[in-house]
Amino acid sequence: MAAAPAVSPLAGEPIKRADAERLAGLLKAVADPARLRLLSLIQAAPEGEASVSDLTAPLGLSQPTVSHHLRILTEAGLLEREKRGVWAYYRLVPSAIAAIAELLTPPRKRATRKTR
């Protein structure tokens, strides 16, 4: 995964081209309803992880389609994949999710949220 930019586009400073490209890649990975639902389903799973077979029915999508979306999220660095026997399990990368949230939170709101 490419690291998220160090400066938020909302920080009042122009974002560098390379940082904008990295952030756009992360946002592109989550800019799909099925992928947003996948992130939500995995986060809400009892163990915080799920396999493709756990996700096909709730999404109403075929196994190859779910696998495709999981691969995109994994390549973007938003999910970790662990192979156990014949199954692969996916879990969120909290730091990647937090980095996106932090980048999209205006500095004034970040200061307020941290002091609560």
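Rings of Phe, Tyr and Trp (its six-membered ring) pair if their centres lie within 6.5 Å. By that rule, this predicted model has zero aromatic pairs. What the model does offer is a set of helix contacts, in which H2 packs with H3, H2 meets H4 and H3 meets H4. There is also an arginine, Arg84, over the face of Tyr89. Here is a friendly tour, topic by topic.

**Aromatic rings**

- Although the count of aromatic pairs is zero, the ring of Tyr89 has Arg84 lying over its face.
- Arg84 is placed at 4.3 Å from the centre of that ring.

**H2 with H3**

- Helix H2 covers residues 33-44 and helix H3 covers residues 52-59; their axes are 11 Å apart, and the packing angle is about 125°.
- Because angles of 65 to 115 degrees count as roughly perpendicular and those over 145 as roughly antiparallel, H2 and H3 are oblique to each other.
- The crossing of these two helices is right-handed.
- On the H2 side the contact uses Ala34, Arg37, Leu38, Leu41 and Ile42, and on the H3 side Leu55, Pro58 and Leu59.
- Sorted by class, the residues of this contact are seven nonpolar, no polar and one charged.

**H2 with H4**

- Helix H4 spans residues 63-75, and its axis comes within 10 Å of the H2 axis, with a crossing of roughly 80°.
- That angle makes H2 and H4 roughly perpendicular to each other.
- From H2, the residues in contact are Ala34, Arg35, Leu38, Leu39 and Ile42; from H4, they are Val66, His68, His69, Leu70, Ile72 and Leu73.
- This contact has eight nonpolar, two polar and one charged residues.

**H3 with H4**

- The H3 and H4 axes cross at roughly 110° and come within 9 Å.
- H3 is therefore roughly perpendicular to H4.
- Val52, Leu55, Thr56 and Leu59 of H3 touch Gln63, Val66, Ser67 and Leu70 of H4.
- By class, five of the residues in this contact are nonpolar, three are polar and none is charged.

**Residues that recur**

- In H2, Ala34, Leu38 and Ile42 take part in the contact with H3 and also in the contact with H4.
- In H3, Leu55 and Leu59 meet H2 and also meet H4.
- In H4, Val66 and Leu70 contact H2 and also contact H3.

Terms used:
Residues are numbered from 1 along each chain as its sequence is written. This is a predicted model: local features need pLDDT of at least 70, side-chain atom pairs count only at pLDDT 80 or more; totals for chains, interfaces and linings use all residues. Side-chain values use heavy atoms; hydrogens and water are left out. Axes are lines fitted to C-alpha atoms, for helices over the stretch in contact, and angles run from 0 to 180 degrees between N-to-C directions. Helices (H or I, at least four residues) and strands (E, at least two) are DSSP runs, numbered from the N terminus. Angles under 35 degrees count as roughly parallel, over 145 as roughly antiparallel, 65 to 115 as roughly perpendicular and the rest as oblique. A crossing is left-handed if the near helix is turned anticlockwise from the far one by less than a right angle, and right-handed if clockwise. Contact means heavy atoms within 4.5 Å. Ala, Val, Leu, Ile, Met, Phe, Trp, Tyr, Cys and Pro count as nonpolar, Asp, Glu, Lys and Arg as charged, and the others, Gly among them, as polar. Rings of Phe, Tyr and Trp (its six-membered ring) pair if their centres lie within 6.5 Å; planes under 30 degrees apart count as stacked, over 60 as edge-to-face and the rest as tilted. A charge sits over a ring if NZ of Lys or CZ of Arg is within 6 Å of the ring centre and within 35 degrees of the ring normal.
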